[in-house]
Amino acid sequence: MLLIQKAHLIDPASRTDGIRDILIEGEKIIKIAEHIAPGEAAGWGPETAGEGKDASALTILNAEGLTAIPGLVDAHVHFRDPGFTWKEDIDSGARAAAAGGVTTVVLMANTKPCVDNADTLRYVLEKGEKTPIHVETCANVTLGMKGKELVDMRALHAAGAAGFTDDGIPLLSEETARAAMEAAAAEGVPISFHEENPAFIRNNGINAGKASAHFGIGGSDRKAEIDMVERDVRLAQETGACVVIQHISTKEAVGLVRQAKRKGADVHAEAAPHHFTLTEEAAIQYGTLAKMNPPLREEADRQAIIDGLADGTIDMIATDHAPHSAEEKAKPVTEAPSGIIGLETSLALGILELVDTGRLTLMQLIERMSLAPARLYRLDAGYVAEGGPADLVLFDPAEEWTPARFYSRSQNSPFLGKTLKGKIHATLCRGRVVYPFDGQKAD
């Protein structure tokens, strides 16, 4: 048994915001109260001493000065396994997640082979079960991610797929997109879309504007996202599907999602920390380390994303954790792959850019990083309650820290070596401390 004492509990599900003791037995929380005496917690006291009760069975963790929140749920993560494990694998990715306070991940399906079949799905889920965190995965929308023939969604959902996406590749055919939404709606699961129309892109990963002019390339026009979001929010309303707009990057797309929600469409949106933190100026400063799809845009877009997070238009924060090797990122800007890692910095960036600026409360931030994605994917996660999962993060929102190296196998992040805020002291999953790692350092 584990007794966490004097933690400042922030729980968006119950709206709890105060000092609490939390008692854990096995994988569950069994009691939350303003004070739990160690004798009461251990089930032994003066009246029961000597009756076979073992005081040593209780571990006490003093969390005075720390904030306790539900384990974070990241619904957009790439672990590159199978096929690209020199960038990341399920084991190293789970380690990075735990270091970032993330106890549940939903993986993307653009692996090699991709997750368009039950065998690959089973491989990912079985390997994920051996990690210290909860690993869920989406399956693909189309066979081979070719945008033509739909996968067998019913069979893949029955085999454990949390949702469906061809993330990394846009679904260009409206007919296929409609059919996919109808199939996902029949299964009652989310279907997520990578919204970039290549007709408006020359050299992706860099915004068409100041950044593309700096590099002397065409870049990715904002119309690439707007065009496809416009189509997909309309199809969502027509089909009744639960549609997720992935890694939203433009003010116009935020407005389209807001309008669709007002019309009653079951539309949701993700915001990546890099999109509410950085602009295309970072691409100029950091080069390929700040190259991603969709690209970093303008300040007005960044502010619109923050507005969307504040008013609930954007439901959740998801990192799009995208590991790449140093050798790949060292290539010229037109050749280097897009993407940055994000699992270990997402909470800190949320505190710096959203909470400390007064745009979101800490309660709102945690809701968008835990409860909202858990509810969308119908996961038993994202809340702290008696009888609930013992997935918790203990951190100091005010404590500064500087990452010298990440636990991810890849290090492709412009935030490496930067002073951040919100230091994680412990991550618990299934009632066990899964971070820190017995004093080990990132290697």
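Colleague: Looking at Glu 187, is this residue buried or exposed?

Modeller: First off, this is a predicted model: local features need pLDDT of at least 70, side-chain atom pairs count only at pLDDT 80 or more, and totals for chains, interfaces and linings use all residues. Residues are numbered from 1 along each chain as its sequence is written, and side-chain values use heavy atoms, with hydrogens and water left out. Buried means under 20% relative accessible area, exposed over 50%, and partly exposed in between (1.4 Å probe, protein chains only). Glu 187 has a relative accessible area of 19%, so Glu 187 is buried.

Colleague: Which residue forms a salt bridge with Glu 187?

Modeller: We call it a salt bridge when a side-chain nitrogen of Lys or Arg is within 4 Å of a carboxyl oxygen of Asp or Glu. Here the closest N and O atoms are 3.5 Å apart. The partner counts as exposed at 61% relative accessibility, and its name is Arg 154.

Colleague: How many residues apart in sequence are Lys 210 and Glu 281?

Modeller: Those two form a salt bridge too, with the closest N and O atoms 2.6 Å apart. Lys 210 lies in helix H6 and Glu 281 in helix H10 (DSSP runs of H or I, at least four residues, numbered from the N terminus). So the pair ties together parts whose separation in sequence is 71 residues.

Colleague: And Glu 196, what's the nearest side chain of opposite charge?

Modeller: Glu 196 is buried, yet has no salt bridge. Lys and Arg count as positive, Asp and Glu as negative, with His and the chain ends not counted. At 4.8 Å away, the nearest side chain of opposite charge is Arg 297.

Methods. Helix = DSSP H or I, 4+ residues; strand = E, 2+ residues; numbered from the N terminus.
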